[in-house]
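Here are some short exercises to work through with the model open beside you. Try each task before you read its solution.

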Amino acid sequence: MVRGKINIKKIENEKSRQVTFSKRRSGLLKKAYELSVLAEAQVGLIIFSQKGRPYEFSQLLTSDKLWNNTVIIPIMLHLICLERNMSRKMLGHSLSCCSYDELQGIENQLHTSLESIRLKKVNKIDEMGKMNMIINGIIN
């Protein structure tokens, strides 16, 4: 029996969406494992849920491989997860679990970034003004 083709679009029902995410996540992790075994490939996979929770798979290398990779791959995956979570927080997502001090830190980082952006903007305007003066001097 052949499966019917499905339309790929967001599942509106939240419960159905979560069930589909769970089932497909499991299947994807299984495929990553199978690929690592069958092809002796180094496989790393990170999946983020709708709420930003990371799920990961990394192949543990055998002892005849470089030992560094068994340490480096999980660390890289962890750092990517941390960066992803910080990016979400900087965009105003996933803030409900933050403490007051963490929220204050995020606010301070945003202020620092905004000041840096404003400074670069002023420098660009100054550069454009100087270019206009040079161009006008050449034309006149």
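**Exercise 1. Find the element that holds Ser58, decide whether Ser58 is buried or exposed, and state how far its C-alpha atom is from that of Leu77.**

Step 1. Ser58 belongs to strand β2, residues 54-58. Helices (H or I, at least four residues) and strands (E, at least two) are DSSP runs, numbered from the N terminus.

Step 2. Ser58 has a relative accessibility of 19%, so it counts as buried. The classes are buried under 20% relative accessible area, exposed over 50% and partly exposed in between, with a 1.4 Å probe and protein chains only.

Step 3. Along the chain, Ser58 and Leu77 are 19 residues apart, and 8.4 Å separates their C-alpha atoms.

A word on the ground rules: this is a predicted model, in which local features need pLDDT of at least 70 and side-chain atom pairs count only at pLDDT 80 or more, while totals for chains, interfaces and linings use all residues. Residues are numbered from 1 along each chain as its sequence is written, and side-chain values use heavy atoms, with hydrogens and water left out.

**Exercise 2. Describe the protein chain as a whole: its elements, their pattern and its buried share.**

Step 1. Count the elements: the protein chain has three helices and two strands.

Step 2. Put them in sequence order, and the pattern reads α-β-β-α-α.

Step 3. Of the 140 residues in the protein chain, 16% are buried.

Step 4. Turn to the contacts (heavy atoms within 4.5 Å). Among those with a separation of 6 or more, 32% join residues 24 or more positions apart.

Step 5. Finish with the surface: the accessible area of the protein chain is about 12100 Å², and carbon and sulfur atoms hold 60% of that. Such areas come from the Shrake-Rupley method with a 1.4 Å probe; for residues, only the protein chains shown count as cover.

**Exercise 3. How many salt bridges does the whole structure hold, and which residues form them?**

Step 1. Set the criterion: a side-chain nitrogen of Lys or Arg within 4 Å of a carboxyl oxygen of Asp or Glu. Side chains of opposite charge can pair when their charged atoms come close.

Step 2. The search finds two salt bridges.

Step 3. One joins Glu102 and Lys89, with the closest N and O atoms 2.8 Å apart. Glu102 is in helix α3 and Lys89 in helix α2, so this pair ties together parts that are 13 residues apart in sequence. Glu102 is partly exposed at 31% relative accessible area, whereas Lys89 is buried at 15%.

Step 4. Arg118 and Glu115 form a salt bridge too, and here the closest N and O atoms are 3.6 Å apart. These residues are three apart in helix α3, which means that about one helical turn separates them. Arg118 is partly exposed, with 46% relative accessibility.

**Exercise 4. Explore the surroundings of Arg17 and look for a partner of opposite charge.**

Step 1. Arg17 sits in helix α1, residues 14-38.

Step 2. Arg17 is buried yet has no salt bridge: Glu14, the nearest side chain of opposite charge, is 4.4 Å away. For charges, Lys and Arg count as positive and Asp and Glu as negative; His and the chain ends are not counted.

Step 3. Beyond its neighbours within four places in sequence, Arg17 touches Lys10, Ile11, Glu12 and Gln50.

**Exercise 5. How many disulfides does the structure hold, and where is the nearest cysteine sulfur to that of Cys97?**

Step 1. A disulfide needs a pair of cysteine sulfur atoms within 2.5 Å. The structure holds zero disulfides.

Step 2. For Cys97, the nearest cysteine sulfur is that of Cys98, 4.8 Å away.

Step 3. Compare their surroundings: Cys97 is exposed at 61% relative accessible area, while Cys98 is buried at 12%.

**Exercise 6. Locate Ser94 and say what stands out about its phi.**

Step 1. Ser94 lies in the loop between α2 (67-90) and α3 (100-139).

Step 2. Most residues other than glycine have a negative phi. Ser94 is not a glycine, yet its phi is positive, at about 55 degrees.

Step 3. With a relative accessible area of 27%, Ser94 is partly exposed.
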